[in-house]
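Here are a few notes to go with the model you asked me to look over. Have it open beside you while you read.

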Amino acid sequence: IRDHCVTGVQTCALPIYKCNDFYRDKFQEISHMLSMLEDHVKSSHHLNSTLTHTLDRNRLYKTRSKNTLLDTTQSDNDILLREIEAVKRAIIDLHRRSKLLENFAIMNTTAFVQIIKKFDNVFIEQKGRFSSMSSEDNICGGGFEASSLCEKMERIYADWFCDSNITDARAHMLPKKGDVLQMDWSQLRLGYRLGMCSVLATWV
């Protein structure tokens, strides 16, 4: 047991590194996709002005329902409305992926902390050997970056679609029954179980 504890730091650090690498890669991927979405909106003059000005957006929805418009105007409005809906669905999807990533960080942080506490209780003479690894900063940063990214998306969604009302934006971005973007918790549960199994296997 003592021989194992000597190399235990390196052995315990391996699954933590894997979790951190996965978290970092997914965070950068989501951040990059959000930046691309913002750049796309800014580069499109009509789309940007419609999303950032409430009056323009309301006027677009009202004129769509009028039957006296020319076919060309209706066609242009329909294209713009479809693009707005695509932007809305894209940011909702990214927001939910960020929430899943935040939950992944929280669950793995909790798992590692509990396992290290259990080790300290069982091996009293080795207590504190892994204390430096049990902090939130060492395990996916505690998910704070993903949480900040979610808040950023909520502010963007509020500015674009909810007249800067954060409460309404959060309500709209919640998963709804029958929504094709509803969270798939099976993947999160699978990742959580695999993470737990890898840590337990390390100790065995």
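**Notes on the model**

1. Starting with one aromatic couple: Tyr23 and Phe27 are both buried. Keep in mind throughout that this is a predicted model.

2. On the overall fold, the chain has eight helices and zero strands. Reading along the sequence gives the pattern α-α-α-α-α-α-α-α.

3. Next, burial and surface. Of the 204 residues in the chain, 35% are buried. The accessible surface comes to about 12500 Å², and carbon and sulfur atoms hold 55% of that.

4. How do the contacts spread along the sequence? If you take contacts with a separation of 6 or more, 75% of them join residues that sit 24 or more positions apart.

5. Now the rings. How many aromatic pairs does the pairing rule give? The count is four. One of them is Phe22 with Phe104, a tilted pair with 4.9 Å centre to centre and 55 degrees between the planes. The tilted label follows because 55 degrees falls between the cut-offs: under 30 would be stacked and over 60 edge-to-face.

6. What does the Phe22–Phe104 pair tie together? Phe22 belongs to helix H2 (residues 8–43) and Phe104 to helix H5 (residues 71–122), so the pair links parts of the chain that are 82 residues apart in sequence. As for exposure, Phe22 is partly exposed at 39% relative accessibility, while Phe104 is buried at 11%. The two labels follow because buried means under 20% and partly exposed runs from there up to 50%.

7. Back to Tyr23 and Phe27, which form a stacked pair: 6.4 Å centre to centre, with 15 degrees between the planes. These two residues are four apart in helix H2, so about one helical turn separates Tyr23 from Phe27. The centre distance is worth a glance, because rings pair if their centres lie within 6.5 Å.

8. Elsewhere, which residues do ring pairs link into a cluster? They are Tyr157, Trp160 and Phe161.

9. Last, a look at Met196, which is found in helix H8 (residues 185–203). Is Met196 buried or partly exposed? Met196 has a relative accessible area of 23%, so it counts as partly exposed. The C-alpha atoms of Met196 and Ala111 are 6.9 Å apart in space, although the two residues are 85 apart in sequence.

Key
Residues are numbered from 1 along each chain as its sequence is written. This is a predicted model: local features need pLDDT of at least 70, side-chain atom pairs count only at pLDDT 80 or more; totals for chains, interfaces and linings use all residues. Side-chain values use heavy atoms; hydrogens and water are left out. Buried means under 20% relative accessible area, exposed over 50%, partly exposed in between (1.4 Å probe, protein chains only). Rings of Phe, Tyr and Trp (its six-membered ring) pair if their centres lie within 6.5 Å; planes under 30 degrees apart count as stacked, over 60 as edge-to-face and the rest as tilted. Contact means heavy atoms within 4.5 Å. Accessible areas come from the Shrake-Rupley method with a 1.4 Å probe; for residues, only the protein chains shown count as cover.
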